[in-house]
Structures are given as structure tokens and as C-alpha cells.
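This report covers one helix, a surface patch and the overall make-up of the chain. The sequence and structure come next.

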Amino acid sequence: MAMSASADIFAKSVNDLLELNKCEYPYLSTKMGGTIIQMPADVIATQSTIWGTKPDVIIETRAAQGGPVSQMVLLLQMLGKKDHKVTSEDIDIRQYARSMA
């Protein structure tokens, strides 16, 4: 059964995510010294998508501390992509993030 098919399970999941957010749960994941400000399940979903599609170009938004950028670059390198490009856009990209992309 899909989680969305059960209103009770869905409501509990949303409540759990809201409670986890109060504890700064999205700030727990890091990659190469940069914080990935995402829910860990989203980090895994992003990695799975990149691994499955093997893109040549990735445009990432809201880079902040650079964690997602370094993760994406490393995944493309692991896939053997030599001419890959990771572009990151944000109003405040930290120097670490700039050096990874």
C-alpha cells in the first residue's frame, strides 16, 4: 500500500518531519566538510537519481555550504564522467562550495 493511500500514516509522517525539523534534523548530513541542508531521505533520493540517469550537467540551487555540490561532483566522478559540469546558484555561495563546482 502506498503511504499516500493511508491518511493516518501520511499525517503521522508529516508530523514526524515537522518535529524532526525543530531539532535541525536537515542539518545532520555532511559531505567533504560541507553541510547538506536536506532531509537525509532527500540526499539518498538525489544520489539515486544521479546514479540512475548519469547526467553530464547538473544545475543545483541553494548551495549554501556546498555539501550537495561536492556530493554531485563526486558521484559524477565515480560514474567516470570526465566532461561533467555542476553549476550551483544561490544568493550566498560559500567559498568552499565555489571551489567544488
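## Helix α1

In this predicted model, helix α1 runs over residues 7-22, a stretch of 16 residues. From its first C-alpha to its last, α1 reaches 23 Å, which is close to the 22 Å expected at 1.5 Å a residue.

Just after α1 comes Glu-24, whose phi is positive, at about 60°.

## Nonpolar surface patch

Phe-10, Val-14 and Leu-18 make a nonpolar patch on the surface, with an area of about 260 Å². Of these residues, Val-14 is found in helix α1.

How does Val-14 stand in terms of exposure, and what is its relative accessible area? The relative accessible area of Val-14 is 34%, so Val-14 counts as partly exposed. Patch residues need over 30% relative accessible area, and Val-14, at 34%, therefore meets that cut-off.

## Chain as a whole

The secondary structure comprises 4 helices and 4 strands. Along the sequence these elements follow the pattern α-β-β-α-β-α-β-α.

The chain has 101 residues, and 29% of them are buried. Its accessible surface comes to about 6800 Å²; carbon and sulfur atoms account for 56% of that area. Among contacts with a separation of 6 or more, 64% join residues that lie 24 or more positions apart.

Definitions and conventions
Residues are numbered from 1 along each chain as its sequence is written. This is a predicted model: local features need pLDDT of at least 70, side-chain atom pairs count only at pLDDT 80 or more; totals for chains, interfaces and linings use all residues. Side-chain values use heavy atoms; hydrogens and water are left out. Helices (H or I, at least four residues) and strands (E, at least two) are DSSP runs, numbered from the N terminus. The expected span of a helix is 1.5 Å times one less than its number of residues. Patches are made of residues with over 30% relative accessible area and no salt bridge: like charges are joined within 9 Å, nonpolar side chains (Val, Leu, Ile, Met, Phe, Trp, Tyr) within 5 Å. Accessible areas come from the Shrake-Rupley method with a 1.4 Å probe; for residues, only the protein chains shown count as cover. A salt bridge is a side-chain nitrogen of Lys or Arg within 4 Å of a carboxyl oxygen of Asp or Glu. Buried means under 20% relative accessible area, exposed over 50%, partly exposed in between (1.4 Å probe, protein chains only). Contact means heavy atoms within 4.5 Å.
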